[in-house]
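Here's a quick look at cysteines and charged pairs. Have the structure open while you read.

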Amino acid sequence: LKLAPRSARDLHPRPPQPTARGMVQRPLRISEDSMTHFTKTRLCTAHQEGRCRAGAACDFAHGRGELRRRPDLRKTSLCPGFAGGACAAGADCNFAHGAEELRSTAVVYKSKPCYSWQDRGVCTRGDACTFAHGAADL
């Protein structure tokens with residue numbers, strides 16, 4: 001039994017992209033639960049060309065009336081470049097340059113377990129931590 005792809009992402013996965021420092025940046029992997037926040041936030045190019053086979057199950061909008069607002073995920077995770085000692089984007093970077101810049105949104109707040117809490121039973125961020133400290137927080 002062969003299943004048809006759900007979206008254009010399944011048909012054409014993005015290859016790893018080289019960064020300015022010559023490192024390879026892997027495509028972002030998003031869980032199926034998190035993916036619902038991005039459903040219908042972009043127009044389906046296959047539908048515009050008359051070749052979308054997903055129909056109502058398509059993750060992309062089939063017209064402007066179906067479009068939803070994309071979640072704002074700026075500054076919700078630490079900048080890998082800054083953590084490595086330098087960020088080429090500087091003030092224009094979409095990632096947080098330190099814990100004090102981190103912010104949470106409904107998309108990411110307490111949606112995953114805190115590894116510090118899980119591994120050590122303690123978290124230095126305390127109540128400010130955006131990750132779940134136990135099953136009750138999820």
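Is Cys 114 buried or exposed, going by its relative accessibility? Cys 114 counts as buried, at 6% relative accessibility. Keep in mind that this is a predicted model.

**Cysteines**

If you're hunting for disulfides, the structure holds zero. Take Cys 44: its closest cysteine sulfur belongs to Cys 58 and sits 3.8 Å away, which is too far for a bond, because a disulfide needs the two sulfurs within 2.5 Å. Cys 114 isn't in a disulfide either, with the sulfur of Cys 123 as its nearest cysteine sulfur at 3.8 Å. Like Cys 114, which is buried, Cys 44 counts as buried, at 5% relative accessibility.

**Salt bridges**

The count here is four salt bridges. Among them are these:

| Basic residue | Acidic residue | Closest N to O |
|---|---|---|
| Lys 40 | Glu 66 | 3.5 Å |
| Arg 74 | Asp 72 | 2.7 Å |
| Lys 75 | Glu 101 | 3.4 Å |

Lys 40 pairs with Glu 66. Lys 40 is in the loop between helix H2 (32-35) and helix H3 (45-48), while Glu 66 is in the loop between H3 and helix H4 (80-83), so the bridge ties together parts 26 residues apart in sequence. Lys 40 counts as buried at 15% relative accessibility, whereas Glu 66 is partly exposed at 37%.

Arg 74 and its partner Asp 72 are partly exposed, Arg 74 at 46% and Asp 72 at 34%.

As for Lys 75 and Glu 101, Lys 75 is partly exposed at 21% relative accessibility, and Glu 101 is partly exposed at 35%.

How values were computed: Residues are numbered from 1 along each chain as its sequence is written. This is a predicted model: local features need pLDDT of at least 70, side-chain atom pairs count only at pLDDT 80 or more; totals for chains, interfaces and linings use all residues. Side-chain values use heavy atoms; hydrogens and water are left out. Buried means under 20% relative accessible area, exposed over 50%, partly exposed in between (1.4 Å probe, protein chains only). A salt bridge is a side-chain nitrogen of Lys or Arg within 4 Å of a carboxyl oxygen of Asp or Glu. Helices (H or I, at least four residues) and strands (E, at least two) are DSSP runs, numbered from the N terminus.
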